[in-house]
2 protein chains.
Amino acid sequence: MIAIDWGSSSLRAYRLGDDGAILDQRRADVGVLSCDGRFADVLARHLDGWDDARIMMCGMVGGRGGWMEVPYVECPAGEHEIAAAIAPLENGPTIFAERDLRIVPGMIDRGSSPIADVMRGEETQIIGLLDSLVEGVHTICLPGTHSKWVQVRDHAVSSVRTAMTGEAYALFRTHSVLARLMAMEDPPFDAAAFDDGLQRSGDAGGLLHHLFGIRTAGLLGRLSDTQSPSYLSGLLIGHEIRAQAPRPQCVHLIGNDRLLTVYAHALAAFGIEVRRHSEDLAAIGLHRLARVMA
Amino acid sequence: MIAIDWGSSSLRAYRLGDDGAILDQRRADVGVLSCDGRFADVLARHLDGWDDARIMMCGMVGGRGGWMEVPYVECPAGEHEIAAAIAPLENGPTIFAERDLRIVPGMIDRGSSPIADVMRGEETQIIGLLDSLVEGVHTICLPGTHSKWVQVRDHAVSSVRTAMTGEAYALFRTHSVLARLMAMEDPPFDAAAFDDGLQRSGDAGGLLHHLFGIRTAGLLGRLSDTQSPSYLSGLLIGHEIRAQAPRPQCVHLIGNDRLLTVYAHALAAFGIEVRRHSEDLAAIGLHRLARVMA
């Protein structure tokens, strides 16, 4: 089968053996938002030479503005509930007429707050992880533009909480008054400045106040233009982690190497145990869902 | 005398009588950042016809990137310490050769946190208010792009704390994923949506999580594109006010009518008493400093 993790900013395609082993994989920066509605053409191009009949997709491809909107599954739910809600692509394009295209739903958590929270794509990565988790409660963090913090209880996703950490970083890094105090090109990660930002996030005054401190520290020469991006990152991630209550003892991180290194560093600074997992869990999750569905 | 409040984004000029009464005033959107270093020309144009010898200026005109950088005065300080640090414009332009141009320093608070906090211009508005305050502790809030929260103790400024509330609003309103869910033109203030945002700011999860809720609520149809800007404003101002510890019983607000109406509404929702003051306090403060200096 073919497994596709198609998000807002990229497409990851995996060709899987019957046992779920990854035989081949491709990656392209053709996110759902950038392909202008021509989903079939884009997909056909990226699957060139892969002619397996079953194609399973997850991510924003099933969201509003994606190929076909697939309704969210409500928390708590495990792999059986999600598999049951997988949708075949209706009125599929003739280019895929001989094949079986299906889209995995996202998940919605209506319980945790007056305003619901949602995810699309991350639920499939988590399903790829479930087999390796024992019964009980686990905390999973998928850092990114919109970081997801997910609780799993007895192999079912019980809650979802999103923090706009990555997007806030980009906004303040690029468009705010702080941008002028920062090197144009991203300097290497500065662990000491990052740790200072992490520590600052625990002080009184709140995030909106702490952010202004970057300006003052820059003006007073206490943060250089190559230190301040790492300080900003530490400050925001520090606020993100401190807002998780109760604080978890162990966090499973799923994501790319660069982000995971930064988050693992931050979590270790809070005394939290870390287990790292690759984004390729999406392929494992899609294979698992295909078997549950069968 | 002539009193000038020259900030990052606007210039306010006042012609004052000997008793400090405002005889005339002008306002222009020629902030320090937008006049490309041609300070003398810009000022001469806006003072056309006003030929008083003494010209007192406050605000970013005395900051880095301004006409002349005047060192900060350290907290705690009152009007005497600030008046003593007022700087005559060195090497003044010939166009002002016959006149006495002076720039009021900003203030720096090194005590409240590992990173100092600063203000420029607001100290002069506060000096304009001091005469009407009794001995003791008072809290003053000057909302804006960078909101200032200032403590006055026995007629001296004892602390400064800045929150990037207005700038964060503009960033998320304009450049974030939330912008797509908001009406392009600013809709009228929606008090119910603002109050929902204020209330949400008290929930668990932190600001970075609460911000994402605007996206979810928009997708689920719980916040319309004309409600969400007011909700965002309430959320950010709620976080700003909740971060003030200990929470003040009474706050003096200094600013323009539009902002003061919003902040007064928010403070009242927290049970905090409000006293409103106009930005023209800068003229009163400059007149006061001229007298103390004399």
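## A walk through a two-chain model

Start with chain A, whose secondary structure adds up to nine helices and 14 strands. Bear in mind as we go that this is a predicted model. Along its principal axes, the C-alpha atoms of chain A fill a box of roughly 65 × 40 × 35 Å. How does the radius of gyration of chain A sit with that of a compact globule? Chain A comes out at 20 Å, and a compact globule of 294 residues would be near 19 Å, so the two agree. Half the chain is tucked away, too: 50% of the 294 residues of chain A count as buried. The contacts reach a long way along the sequence as well. Take the contacts in chain A between residues at least 6 apart in sequence, and 66% of them join residues at least 24 apart.

Now for a sheet. Six strands of chain A make an open one, running β3-β2-β1-β4-β7-β6, with mixed pairing. Which strands stand at the edges? They are β3 (22-28) and β6 (87-88) of chain A; each has a single partner strand, so one side of each is left without a neighbour in the sheet. Further in, β1 (residues 2-6) and β2 (residues 11-16) of chain A pair antiparallel over five bridges. Look there for Trp6(A), whose bridge partner in β2(A) is Leu11(A).

Hop over to chain B for another antiparallel pair. Strands β11 (residues 147-153) and β12 (residues 156-163) of chain B are joined by seven bridges, and in β12(B) you'll find Ser159(B) opposite Gln151(B). The hairpin these strands make has two residues between them, and Asp154(B) takes a positive phi near 50° there.

The helices of chain B are worth a stop. In α5 (residues 191-200) of chain B, the buried residues are Ala193(B), Phe194(B), Asp196(B), Gly197(B), Leu198(B) and Arg200(B). What do they pack against? Their partners are α6 (207-219), α7 (228-242) and α8 of chain B. Helix α8 of chain B covers residues 257-269, and Leu267(B) is found in it. Is Leu267(B) buried or partly exposed? Being buried takes 20 or more other C-beta atoms within 10 Å; Leu267(B) has 19, so it counts as partly exposed. Setting aside neighbours within four places in sequence, Leu267(B) is in contact with Ile241(B), Val251(B), Ile272(B) and Val274(B). For a sense of scale, Leu267(B) and Pro88(B) are 40 Å apart, C-alpha to C-alpha, with their positions 179 residues apart in sequence.

Finally, put the two chains together. A rotation of 180°, with 0.0 Å of shift along its axis, superposes chain A on chain B at an RMSD of 0.0 Å. That is the relation of a two-fold axis. In chain A, Leu171(A) has the C-alpha nearest the axis, 3.2 Å from it. Both copies use the same surface, as 97% of the contact residues of chain A recur in chain B.

How many residues take part in the contact? It's 38 of chain A with 38 of chain B. On the side of chain A that touches chain B, β9 (117-119), β12 (156-163), α4 (165-174), α6 (207-219) and α7 (228-242) of chain A each supply at least two residues. The most come from α6(A), which gives nine. By character, the residues on this side of chain A split into 19 nonpolar, 12 polar and seven charged.

How values were computed
Residues numbered from 1 in each chain as written. Chains lettered and ligands numbered in written order. Predicted model: local features only at pLDDT ≥ 70, side-chain atom pairs only at ≥ 80, totals over all residues. Least-squares fit on C-alpha atoms with pLDDT ≥ 70 in both. Contact = placed C-beta atoms within 7 Å. Helix = DSSP H or I, 4+ residues; strand = E, 2+ residues; numbered from the N terminus. Buried ≥ 20, exposed ≤ 12 C-beta atoms within 10 Å, placed from the backbone. Rg over C-alpha atoms; globule rule 2.2 N^0.38 Å. Pairing = 2+ DSSP bridges. Nonpolar A, V, L, I, M, F, W, Y, C, P; charged D, E, K, R; others polar.
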